[in-house]
Amino acid sequence: MSDIDVLVIGSGIAGLSAAIAARQAGAESVIIAEAAGGIGGASRLSSGLIVGAGTAMQATAGIADSAELMFRDYMNANQWGLDGGVTRRLAAESGPTIDWLVSLGAEFHPTPVSGGYETQPRCAVAIDEGQGLIDALARAARNLDIDVALGQRVDRLLVKDGVVVGAAVGDDELSASAVIIASGGFGSNPEKIAEFYPSLAKAGDWLWYVGEDGSHGDAIDLGQQVGARITGHDTGCSMLAPGFTRSHETYLPGWLVIVDPDGQRFIAENAHYSALDRQAVLRGGRFFVLFDSQALDPEAAKATPFYAGGSKAYPGRTERTSPNWNPDILREMVAAGRIPFADSIAELAVAVGVPDDQLEATIAEYNEGAQAGLDRMGKYPEFLRPLEKSPFYAAEIRLSEIVITGTGLQIDPEARVLDALGCPIPGLFAAGEATGGVIWPFYPSSGSSLGHGAAFGRVAGTNAAARSIAGA
Ligand SMILES: Cc1cc2nc3c(=O)[nH]c(=O)nc-3n(C[C@H](O)[C@H](O)[C@H](O)COP(=O)(O)OP(=O)(O)OC[C@H]3O[C@@H](n4cnc5c(N)ncnc54)[C@H](O)[C@@H]3O)c2cc1C
């Protein structure tokens, strides 16, 4: 006989969703162990965009979407390299999960938005962002008598005859019919980044994580104790940043011109951040942003729009401003010697160690396209501003701001944790950023991480409850 029915490790969106679903599915005693002193993890800090296909909200807004469309979008974005069964389950659960969140009291702006390159707008936008979602889930958990034990960092799984039968914090052991690992990612753990996310480790001392200190990657350690398969190596969602400030900047201003160390452009700079991220990983993670004196002149800078889709990206948001690429910061960084400059593109190339003939050719072609309003790389015409007023500047950027880590426990469509042979480990489930490979390597759209956290949290909680009811 176990002490409790279901033990959930972590109180972010995945853990809270799992615990609530377990109670709703008939588990009588559910406890969440939370390492931090408060509820919510990285989920609480998030922007609150969450993916769901076929939601009531979409139907009201006249958006014809379906699980099948989402399945195809996710598979296509990842060149059909995802686990099809897991993706199909995620797509099927995503819409009902948003409706379920609404039923629990989560509030959303009425019209879903597009979170990237998906075929239909399917990103629900939470009022009060991630904190709004967590507050609603925490209230629902309280109403269902789910205990959240704060300051309890689980360090050990209890195993009997190959079955996970509980977990421990130091000498304190708690037995449970099922354990759900929802302890988030490893963005705050430099050793784990070096081992599991080497493309980001390359950023050196520029590297930083925008999420919670509690993202230690304990899921990997706990899983390894019981022979779990770790998957999703070197994946995640990260941003290109100049290292001027440690401010979260999701979208780069469209007018920037980015070149690689060979002096070549490789992407339309107004691309979605997941596309910039992926291309940056494939090309070594270190680049230069080029601009001319117009970027430092407040009046001239205003003449070119900063972002696609207007200055407000999502409903309920304040005006978007760039914490890095504004005239004040740029002038400060030039004065501090952080941004090399020169009177000609060729001299600038020498200053930053890029082949001068290539950089001259790249900028000449860019300028020609900008003057004609047609960019070879497909940048939107409104962002095309020729580099023609010296001095010219080149700021180094690196893939250096981690938002989500993608390596973790491999799960099956029932959110069961798999062992090295791909077989479910009895009694053990996982959801959210603790898992690996579910939506990677190409982050399919904004909202995908909260989306899979909540959806597989529900699946894990429901299945964990079934185990306890069956008397496991
Ligand atoms: C600034 C920012 C904005 C973002 N915006 C979005 C967005 O709009 N949409 C989107 O989809 N994604 C977004 N993300 C990503 C998303 O927030 C996370 O991937 C997601 O919230 C992870 O949820 P989770 O429940 O798996 O983990 P978390 O929310 O991180 O929760 C894990 C919890 O487990 C606890 N824990 C860790 N180890 C242990 C242990 N051993 N024992 C007990 N407890 C433990 C942690 O303290 C934490 O509270 C954003 C991330 C950041 C940082």
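This is a conversation between a visitor and a guide about one predicted model.

Visitor: What kind of model is this, and how are its residues numbered?
Guide: It is a predicted model, in which local features need pLDDT of at least 70, side-chain atom pairs count only at pLDDT 80 or more, and totals for chains, interfaces and linings use all residues. Residues are numbered from 1 along each chain as its sequence is written, and side-chain values use heavy atoms, with hydrogens and water left out.

Visitor: Why is strand β8 called largely enclosed?
Guide: A residue is buried when its relative accessible area is under 20%, exposed when it is over 50%, and partly exposed in between, with a 1.4 Å probe and protein chains only. Seven of the 10 residues of β8, which spans residues 172-181, are buried, so the strand is largely enclosed by the rest of the structure.

Visitor: How do you know that β1 and β8 are paired?
Guide: Strands (E, at least two residues) and helices (H or I, at least four) are DSSP runs numbered from the N terminus, and two strands pair if DSSP finds at least two bridges between them. Strand β1 (residues 4-9) is joined to β8 by five bridges, and the two run parallel, with Val6 standing opposite Ala178.

Visitor: Which other strands pair with β8, and in what sense?
Guide: Strand β7 (residues 163-169) pairs with β8 in the antiparallel sense over four bridges, and there Ala167 stands opposite Leu174. Strand β18 (residues 424-430) runs parallel to β8 and is joined to it by three bridges, with Val179 opposite Leu428.

Visitor: What makes a set of residues a nonpolar core, and how many residues has the largest one?
Guide: Such a core is a set of buried Ala, Val, Leu, Ile, Met, Phe, Trp, Tyr and Cys residues joined through side-chain atoms within 4.5 Å. The largest has 89 residues, and Ile181 and Leu428 are among those with the most contacts inside it. This core draws at least three residues from each of domain 1 (4-235 + 406-469) and domain 2 (237-401), the bounds coming from an automatic or database domain assignment. Apart from it lies another core, of 37 residues, including Phe287 and Tyr393.

Visitor: What does Ile181 touch?
Guide: Contact means heavy atoms within 4.5 Å, and, not counting residues up to four places away in sequence, Ile181 touches residues including Ile9, Leu157, Leu428 and Phe429.

Visitor: What makes the contact of Ala35 with the ligand a polar one?
Guide: A polar contact is a pair of N or O atoms within 3.5 Å; within protein, one must be able to donate a hydrogen and the other to accept it, and residues adjacent in sequence count only if both atoms are side-chain atoms. A backbone N or O atom of Ala35 lies 3.0 Å from a nitrogen atom of the ligand, so the pair falls within that limit. A polar side-chain atom of Tyr443 lies 3.4 Å from an oxygen atom of the ligand.

Visitor: Why is Asp128 called exposed, and Ala415 buried?
Guide: Asp128 has 59% relative accessibility, which is over 50%, so it counts as exposed. Ala415 has a relative accessible area of 0%, which is under 20%, and is therefore buried. Phi of Asp128 is near 65°, a positive value in a residue other than glycine, and phi of Ala415 is also near 65°.
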